[in-house]
Amino acid sequence: MLIRRPDDIRPSEITPESAFLNRRATLAALFGAGAATALPRAFAAEGATPAAPPAPNLTYTKNARYTVPNDTPNSWAEVTGYNNFYEFGTDKTDPARNAGTLRAKPWSVEIAGEAEVRGKFTFEDIVKPHALEERIYRFRCVEAWSMVIPWVGFPLGDLLKRFKPTSKAKYVEFTTLLDPRQMPGQSLPVLDWPYVEGLRIDEAMHPLTLLVTGVYGRELPNQNGAPLRLMAPWKYGFKNVKSIVKIRFTEQQPRNSWNVAAPNEYGFYANVNPQVDHPRWSQASERRIGGGFFARRQPTLTFNGYAEQVAGLYTGMDLKRYF
Ligand code: MTE
C-alpha cells in the first residue's frame, strides 16, 4: 500500500529508481540487510507446495455456515507469509520476518467513549466469555489480490454489547499498539501512527464481523495481528486493523489511517465493489494468492460475495460517493 499499486506490478517498474533505492536503503537500516535484498523478489511461497499448518492450539468449533463454496483455503505458508503490516515493513514478506519483536502476551485493551462500561481489560477478560469458532472467509485486499482464510474468533457484536454502548455510539474506532520498540516500522513516517480504523456501529454489530484471535486453529501469529484483530469480510483488507489495544465508541465518524494518508484513494467505508475502481487501477478482478503469478484473474464479487448478508446496511447510499 505504500506506493499504492496492485502488488503484481514490480515496485521497480513504477517507482522512480532513486525513490526505490532510497526506500531500500531506509528499510535496510531499520530491519537489516535481508529486508532490502528481498524487496523486489516475488513471494517465495507462491506456487510452492502448500505447507501444512502446525497442529491447532485453540479450542473452537467449526461453523459450517461460513465456508467459501468451490474454493479451498490458502495454505498456512501463504496466510502467514504474505502480509500487510506496515509496523514491520512495507514488503509482503517483511511482517513474517520482522514481527518477532511484538510481545502479544500479556495484552490489554482499553474500552472508551460512549459506553456505560469502560476501562482497561486483559486479553483474557475480553476473550474468555466467548466461544471461539472457525469461519472460512474470503479476504480481498484493496491492491486487487485475494485469499480464502480459516479465521478463529467470535462475533465482535457479542463483545461490544458487554460494554453497553449508549445511544450516542454511532461508530466504533479501533487503534493498534503504538510502540516503535516493538513495532520498528513506526519509526518511519509511512503512516500517521498508530494505525486506526473504524466501523459504523451497525457494521460492527453485524454477525459477519469477527474479532479474530487465531487462524488455522492456532493463536494468531504476530504478522497476522496478534493477539486480536478485526475481520469484516465484505470490506477491503485495510479495514481489518491488527493488534488492537483500544476500542472507542464515538458519535462522530472516526479517522482511518489510509483515508488520512490518501483521501481520494481510500474511503471510510471500503466496501469491496468491482464497479468502483481505485483511481489508479481497476477493482473488477483480483489475483488469488497461490494461483501462481500467471494464473488467470478472477472477477471480484460485490461486497466480496457477502451482498446477501450486508447490502441492506447501505440501502439508499451512493456507494460511489461513500467508497
Ligand atoms: N493493521 C495494522 N495495524 N497495520 C497495517 O499495516 N494492514 C492492513 C490490515 N490491517 C495493516 C493492518 C491491510 S492493507 C491488509 S490487506 C490486512 O491487514 C492484511 O492482513 P493479513 O496480513 O493478515 O492478510
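## Exercises on strands, loops and a ligand

Strand E2 and strand E11 (residues 244-250) run parallel and are joined by four bridges. Before you start, note that this is a predicted model, in which local features need pLDDT of at least 70, side-chain atom pairs count only at pLDDT 80 or more, and totals for chains, interfaces and linings use all residues. Residues are numbered from 1 along each chain as its sequence is written, and side-chain values use heavy atoms, with hydrogens and water left out.

**Exercise 1. Place E2 among its partners.**

Start with the terms: strands (E, at least two residues) and helices (H or I, at least four) are DSSP runs numbered from the N terminus, and two strands pair if DSSP finds at least two bridges between them.

Next, take the E11 side, where glycine 113 stands opposite phenylalanine 249.

Then turn to E3: E2 (residues 108-113) and E3 (residues 119-122) run antiparallel, joined by four bridges. Here isoleucine 111 faces glycine 119.

Finally, look at the connection: five residues lie between E2 and E3, which form a hairpin.

**Exercise 2. Find the unusual backbone geometry in the loops.**

Begin just ahead of E2, in the loop between helix H5 (94-98) and E2, which holds proline 106. Lysine 105 and proline 106 are joined by a cis peptide bond with omega about -10 degrees.

Move on to proline 227, in the loop between strand E9 (218-219) and strand E10 (229-231). The bond between alanine 226 and proline 227 is also cis, and its omega is about -5 degrees.

Now check phi: alanine 144 is not a glycine, yet its phi is positive, at about 75 degrees. This residue lies in the loop between strand E4 (133-140) and strand E5 (145-155).

**Exercise 3. Describe the surroundings of the ligand.**

First, list the neighbours, taking a residue as near if one of its heavy atoms lies within 4 Å. There are 17 residues around the ligand, and Asn83, Tyr86, Glu87, Thr176 and Lys242 come nearest.

Second, sort the shell by class: eight residues are nonpolar, six polar and three charged. Ala, Val, Leu, Ile, Met, Phe, Trp, Tyr, Cys and Pro count as nonpolar, Asp, Glu, Lys and Arg as charged, and the others, Gly among them, as polar.

Third, look for polar contacts (pairs of N or O atoms within 3.5 Å). A polar side-chain atom of arginine 229 lies 2.9 Å from a ligand oxygen atom, while a backbone N or O atom of asparagine 240 lies 2.9 Å from a ligand nitrogen atom.

Last, consider cover: the ligand taken alone exposes 530 Å², and the protein buries 99% of that (Shrake-Rupley method, 1.4 Å probe).

Definitions and conventions: A polar contact is a pair of N or O atoms within 3.5 Å; within protein, one must be able to donate a hydrogen and the other to accept it, and residues adjacent in sequence count only if both atoms are side-chain atoms.
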